[in-house]
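Reader: I would like to go through the strands and helices of this model and ask, for each term used, what it rests on. Could you take me through the reasoning step by step?

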Amino acid sequence: MNKVKSLNRKDLLGLKDLSVDEIKLILKTAHSMKEVIARPIPKVPTLLGKHIVTLFYEPSTRTRTSFNTAAKVLSANVTNVAIASSSVVKGENLIDTVKNLEVMGLDCIIIRHSMGGAPHLAAKNCNAAVINAGDGFNEHPTQGLLDIFTMVEKKKTVKDKKVLIVGDISHSRVARSNIWGLKKLGAEVVVVGPPTMIPAEIEKMGVRVSFNLDQEIKDADFINMLRIQRERQEQCLFPSVEEYSQLYGLNAERMKQAKKDVIVMHPGPINRGVEMTSEVADGPYNVILEQVTNGVAVRTALLFLLLGGKNSD
Ligand code: CP
C-alpha cells in the first residue's frame, strides 16, 4: 500500500526530488495504465479539456511519441512545438517561449533541452505543470521511471538486485535518473566504463565504480547499456570504436559469462556494433522494446497523476 495517493507537486523535474512513496505510486499507477493501454479502445476521458505542449529543443523518437500517445489515451489535446520552425530560431529565450505558450491556456509543458536545469527554469516561470523530458547531462526522469518499471516487472523488485550501468556515465542523464531512483529503492548500482567517461565523485551518489565489465557481468541481474553520446563529447573519450566495443560492448561471447536470467536494457537509440552487437540487441536477454512499450504506461501514469487524476485505492 502506498502512503501517498497523488503527486502533490506541480512539476516532475527529476528522480532526485521524488520520495520513495512517490516513485512507488507512479510505478503502481503505470501498472494500471498498462491495462488501460492494452484495451481494444485505449482511451479514457480523465484529461478531457486539458492541453499539453511538447517543447523539444533536442531530437526524440521515443519520448515525444510516447508522451503524445499517453496524452491521447487520457483524452488531452497535444501540441508539438517544432523548434526549427518556431520563434526560437529568431532568438526568443526559454522563459519568454514558455510564458507565451502558457497564456494560450495550456496545462502542461513537456520540455527537452540541451542545458541542464532548463525545465527547472521554465517551471519557476509558469503556473503550468512542467515535465522534464531530458535536460543536458542532468536527468531524464521518465526514462529512469520506465527503466525501473521494466526491472520490477521482470524481477518483482529492484531491492538488492545488482544493476550495471555501462558506458558514457559522464554525459548520461539516463544514468543519473536511474541511479537516483534505483538507490532510493534499495538496488546495488555499479557504474562501468572507461575512466574518461566516469565523472569524479560519482560514488557520492551511492554507486560503486568499475572499469572492468567482464568482472562485473558475472553476477549482474540487470545490465543497462548507455548510448555513446558523441554529440555531447567535446573530445573523443576513447581511442577507437573497436577498442571501446571490445572492452565495454556486449556481444554473444561476453554474454556467456552472465547469469542465465540476466536482463539487458538500453534506453535507445542504440549504436549497433558499439554498445552491443545486433545479436545481443535482438537476442533473448533484451527487453529494449518492452522498455519503449512501458514508456507509454509510465508517461500516461505521470500525466494522470500530475494533471488531476487520483489513484483509486
Ligand atoms: N530514450 C530516449 O530518450 O529516446 P528518444 O531520444 O528517442 O526520446
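Author: In this predicted model, an open sheet of 4 strands follows the order β2-β1-β3-β4, and its pairing is parallel.

Reader: What makes β2 and β4 the edge strands of this sheet?

Author: Strand β2 (77–81) and strand β4 (129–135) each pair on one side only, and it is on this ground that they are called edge strands. Neighbouring strands of the sheet are turned against each other by 15 degrees on average, with direction ignored.

Reader: How do you know that β1 and β3 are paired?

Author: Two strands count as paired if there are at least two bridges between them, and β1 (residues 51–56) and β3 (residues 108–113) are joined by 5 bridges, so the pairing follows from the definition. The two strands run parallel, and T54 has I110 in β3 as its bridge partner.

Reader: Which helices lie against these strands?

Author: Helix α3 (residues 94–102) lies across β1, β2 and β3, and runs at about 160 degrees to β1. As an angle over 145 degrees counts as roughly antiparallel, α3 is roughly antiparallel to β1. Helix α11 packs on the sheet as well, where it touches β1, β3 and β4, and its direction makes about 150 degrees with that of β4.

Reader: Why are α2 and α11 called oblique to each other?

Author: Helix α2 (residues 62–73) and helix α11 (residues 288–306) pack at an angle of about 50 degrees, with their axes 8 Å apart. Angles under 35 degrees would count as roughly parallel and those from 65 to 115 as roughly perpendicular; about 50 degrees falls in neither range, and the two helices are therefore oblique. The crossing in which α2 passes α11 is right-handed.

Reader: Which residues make this contact, and how do they divide by class?

Author: From α2 the contact takes R62, T63, S66, F67, T69, A70, A71 and V73, and from α11 it takes V292, G295, V296, R299, T300 and L303. By class, the contact of α2 with α11 has 7 nonpolar, 5 polar and 2 charged residues.

Reader: In the open sheet of 5 strands, what makes β7 and β9 edge strands?

Author: That sheet has the order β7-β6-β5-β8-β9, with parallel pairing. Strands β7 (208–210) and β9 (263–265) each have a single partner strand, so one side of each is left without a neighbour in the sheet. Strand β6 (residues 188–192) pairs with β7 in the parallel sense over 3 bridges, and V191 stands opposite V209 in β7.

Definitions and conventions: Residues numbered from 1 in each chain as written. Predicted model: local features only at pLDDT ≥ 70, side-chain atom pairs only at ≥ 80, totals over all residues. Heavy atoms only, no water. Axes fitted to C-alpha atoms, helices over the stretch in contact; angles between N-to-C directions. Left-handed = near helix turned anticlockwise from the far one by under 90°. Contact = heavy atoms within 4.5 Å. Nonpolar A, V, L, I, M, F, W, Y, C, P; charged D, E, K, R; others polar.
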